[in-house]
Amino acid sequence: MSTPTFQIRDVPVYGDLVLAPMDGFSDMPFRLICRELGSAMSYTEFVNVDELQGKRWPAKTARKLVYAASERPMTFQVYGSDEDRLVQAAERLLPLGPSILDLNMGCSVNTIAGRGAGAGLLCTPAKIGSIFRRLSTALPIPMTGKIRLGWDDRTRNYLEVARILEDNGAALIAVHGRTKAQAYTGTADWDAIAAVKQAVSVPVLGNGDVVTVEDIDRIQAHTGCDGVMIGRGAIGNPWIFARQMPQDVTLEDKIALVRRHLALNLQFYGEEMGLLLFRKHIVRYIDSIRLLADFRTRLLTCRQVDEFVALIAEGEEQAQLAA
Ligand SMILES: Cc1cc2nc3c(=O)[nH]c(=O)nc-3n(C[C@H](O)[C@H](O)[C@H](O)COP(=O)(O)O)c2cc1C
């Protein structure tokens with residue numbers, strides 16, 4: 001086999017582009033689509049460790065942890081603030097066979113960050129150290145972390161946190177170049193990602209505002225990161241993992257992918273939920289397809305799978321005529 005692009009401890013990764021964990025988006029169907037196009041590893045949507053304590057997990061939580069064998073390296077991402085609960089959750093997750101466990105230290109939603117989980121953990125670097133020390137020694141699989149730059153502009157402690165992570169056994173650090181206070185405003189600070197890459201010897205994934213193929217090249221040149229993590233830019237454009245933009249993809253290939261994604265969604269969630277959850281993808285796929293104005297509304301309000309399938313065929317004809 002060829003040389004891996006980078007290693008997460010003993011786990012080789014072949015490729016330098018990675019679909020970001022995204023709650024509500026990076027489910028198994030979308031991950032499979034992205035993996036087929038070139039995303040080099042998989043992250044689940046984040047999972048709340050509090051929901052993994054009992055014997056029976058909520059159905060929604062259990063579904064987030066379903067993955068295909070072809071997805072390895074498969075990272076389970078968790079969030080939480082209580083060290084013991086994190087350890088217990090990790091032990092419960094191990095039998096499901098993840099390749100890697102990742103701790104979310106980037107979620108900016110107030111209900112999570114405000115109670116010390118997600119980006120809230122950045123306010124307690126010593127606790128991060130303690131969590132990683134314990135988990136990286138207790139677990140047989142590598143432990144990784146995904147961070148933001150700090151809580152706000154006055155507390156950009158990403159270098160301190162990155163060093164603590166490395167010193168306490170983290171095998172990879174993914175860095176979203178914004179603070180918690182920024183949420184998704186402003187632009188991602190790629191200088192900060194470059195500084196993290198310089199400061200640690202474990203692999204670094206650069207993340208934030210990569211939406212074009214040129215952005216991939218620019219963030220790599222700017223930061224020297226080992227891999228590029230792409231979130232919002234992949235929604236409606238999973239071809240970015242093949243270093244293509246929608247305008248580079250033929251209508252035929254686009255429609256084939258939409259049909260395959262829909263089929264995966266229906267199979268994974270069942271018809272009703274599968275179709276409903278597909279709306280947030282189709283609305284983005286059609287951004288790059290020329291369609292009549294009312295067609296969009298018909299597509300987004302359709303509740304029957306057979307009608308939806310017929311609409312896709314109709315849309316294909318419309319787009320062919322418009323071409
Ligand atoms: C809808 C949505 C859901 C997200 N859910 C998660 C999550 O579950 N775990 C996580 O670490 N980050 C999550 N993020 C953050 C992304 O992983 C990523 O860090 C952020 O979107 C910046 O990258 P981008 O500019 O490529 O989108 C989410 C982002 C979005 C837009």
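Thr187 sits in the loop that links β9 (173-176) to α7 (190-199). The model is predicted. Is Thr187 buried or exposed? Thr187 has 10 C-beta neighbours inside 10 Å, so it counts as exposed; the cut-off for that class is 12 or fewer. Gly177 lies ten residues from Thr187 in sequence. In space, the two C-alpha atoms are 8.0 Å apart.

**Overall build**

The protein contains twelve helices and eleven strands. Its C-alpha trace spans about 60 × 45 × 45 Å along the principal axes. The radius of gyration is 20 Å. A compact globule of 323 residues would come near 20 Å, so the protein agrees with that expectation. Of the 323 residues, 42% count as buried. Take the contacts between residues at least 6 apart in sequence: 65% of these join residues at least 24 apart.

**Two domains**

The domain assignment splits the protein into two parts.

| Domain | Residues | Residues in contact with the other domain |
|---|---|---|
| domain 1 | 6-240 | six |
| domain 2 | 250-322 | nine |

The C-alpha centres of domain 1 and domain 2 are 30 Å apart. What classes of residue does domain 1 have on the side that touches domain 2? That side has five nonpolar residues, one polar residue and no charged residues.

**Helix α9**

Helix α9 covers residues 251-269. How far apart are its end C-alpha atoms? They are 27 Å apart. The helix has 19 residues, and at 1.5 Å a residue it should span 27 Å, so the two values agree.

Which residues of α9 are buried? They are Val258, Leu262, Leu264, Asn265 and Leu266. These buried residues pack against three helices: α1 (28-37), α10 (271-285) and α12 (305-322). Gly270 comes just after α9 and takes a positive phi of about 85°.

**Ligand shell**

How many residues surround the ligand? There are 21. The closest are Ala20, Asp23, Phe46, Gly231 and Arg232. By class, the shell around the ligand has seven nonpolar, nine polar and five charged residues.

**In brief**

The predicted model has domain 1 at 6-240 and domain 2 at 250-322. Six residues of domain 1 are in contact with nine of domain 2. Buried residues of α9 pack against α1, α10 and α12. Thr187, in the loop between β9 and α7, counts as exposed.

Methods: Residues numbered from 1 in each chain as written. Predicted model: local features only at pLDDT ≥ 70, side-chain atom pairs only at ≥ 80, totals over all residues. Helix = DSSP H or I, 4+ residues; strand = E, 2+ residues; numbered from the N terminus. Rg over C-alpha atoms; globule rule 2.2 N^0.38 Å. Buried ≥ 20, exposed ≤ 12 C-beta atoms within 10 Å, placed from the backbone. Contact = placed C-beta atoms within 7 Å. Near = placed C-beta within 6 Å. Nonpolar A, V, L, I, M, F, W, Y, C, P; charged D, E, K, R; others polar. Domains from an automatic or database assignment. Expected span 1.5 Å × (residues − 1).
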